[in-house]
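These entries record what I looked up, in the order in which I looked. I began with the terms and then turned to the atoms.

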Amino acid sequence: MIYRYASQLPKEETYGMRSQLTRAAVSIPANIAEGQARHSTGEFLQFLGIARGSLAELETLLILCGNLNLLPQENVNDALSACDEIGKLLTGLVKSLRR
């Protein structure tokens, strides 16, 4: 979804907002995978925290895209809704690992 929406940004945003959006979006699953591959729950939790930080960055960038009229508000809302769901899943995973 983020790649699709980022491709709609103006060409002058190729090395700005577009790059930031896609890097933040990729960072989320990449950090989850890297943390899961580590040898301890503590390390996994650390990488889940990094993934949550990337999710917060992505949400902020999406809000900026909406405020700057770089993306249609409907797209921003759809993406923020997906971010909210991902955030809930990450929170649930963190809680399950801390038990």
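**Entry 1. Terms for exposure.** I first fixed the meaning of the words: a residue is buried under 20% relative accessible area, exposed over 50%, and partly exposed in between. I also noted that I am working with a predicted model.

**Entry 2. Glu34, Arg38 and Glu43.** I applied the cut-offs to Glu34, which has 37% relative accessibility and therefore counts as partly exposed. I then looked up its charged partner and found a salt bridge from Glu34 to Arg38, with the closest N and O atoms 2.8 Å apart. Arg38 is partly exposed as well, at a relative accessible area of 34%. Arg38 also forms a salt bridge with Glu43, and here the closest N and O atoms are 3.6 Å apart. I recorded Glu43 as partly exposed, because its relative accessibility is 28%.

**Entry 3. Asp84 and Lys88.** How many salt bridges does the structure hold? I found 3. One of them joins the side chains of Asp84 and Lys88, at 3.5 Å from N to O. I checked where these two residues sit: both lie in helix α4, 4 residues apart, which is about one turn of the helix. I noted the general rule that an α-helix has 3.6 residues a turn, so residues three or four places apart point the same way. For exposure, Asp84 is partly exposed at 39% relative accessibility, whereas Lys88 is exposed at 51%. Returning to the earlier entry, I saw that salt bridges with shared partners link Glu34, Arg38 and Glu43 into one network.

**Entry 4. Helix α4.** I compared the length of α4 (residues 73–98) with expectation. At 1.5 Å a residue, its 26 residues should span 38 Å, and the end C-alpha atoms are 37 Å apart, so the two agree. Which residues of α4 are buried? I listed Asn75, Val76, Ala79, Cys83, Gly87, Leu90 and Val94. These buried residues pack against α1 (2–6), α2 (17–36) and α3 (41–67).

**Entry 5. Helix α2.** I repeated the comparison for α2, which has 20 residues. From first C-alpha to last, α2 reaches 29 Å, close to the expected 28 Å. Where does α2 have a kink? I located a kink of about 25 degrees at Ser27, shortly before the proline Pro29. Ser27 is itself among the buried residues of α2, which also include Met17, Leu21 and Ile28. I noted that α1, α3 and α4 are among the elements that cover the buried residues of α2.

**Entry 6. The nonpolar core.** I turned to the largest nonpolar core, which has 25 residues. The members that touch the most others are Ile2, Leu9, Met17, Leu21, Leu58, Leu62 and Cys65. I found that α1, α2, α3 and α4 each supply at least two residues of this core, and that α3 gives the largest share, 9 residues. I added a general remark: in soluble globular proteins, nonpolar side chains tend to be buried together. I then followed one member, Leu9. Beyond its neighbours within four places in sequence, Leu9 is in contact with Met17, Arg18, Leu21, Cys65, Leu70 and Leu71.

**Entry 7. Gly42.** I last looked up Gly42, which is found in helix α3. Gly42 is partly exposed, with a relative accessible area of 46%. I computed its separation from Arg98: the two are 56 residues apart along the chain, yet their C-alpha atoms are separated by 9.0 Å.

Terms used: Residues numbered from 1 in each chain as written. Predicted model: local features only at pLDDT ≥ 70, side-chain atom pairs only at ≥ 80, totals over all residues. Heavy atoms only, no water. Expected span 1.5 Å × (residues − 1). Buried < 20%, exposed > 50% of the residue type's maximum accessible area, 1.4 Å probe, protein only. Contact = heavy atoms within 4.5 Å. Bend = angle between axes of the 7 residues up to and from the residue. Salt bridge = Lys/Arg side-chain N within 4 Å of Asp/Glu carboxyl O. Core = buried A, V, L, I, M, F, W, Y, C linked by side-chain atoms within 4.5 Å.
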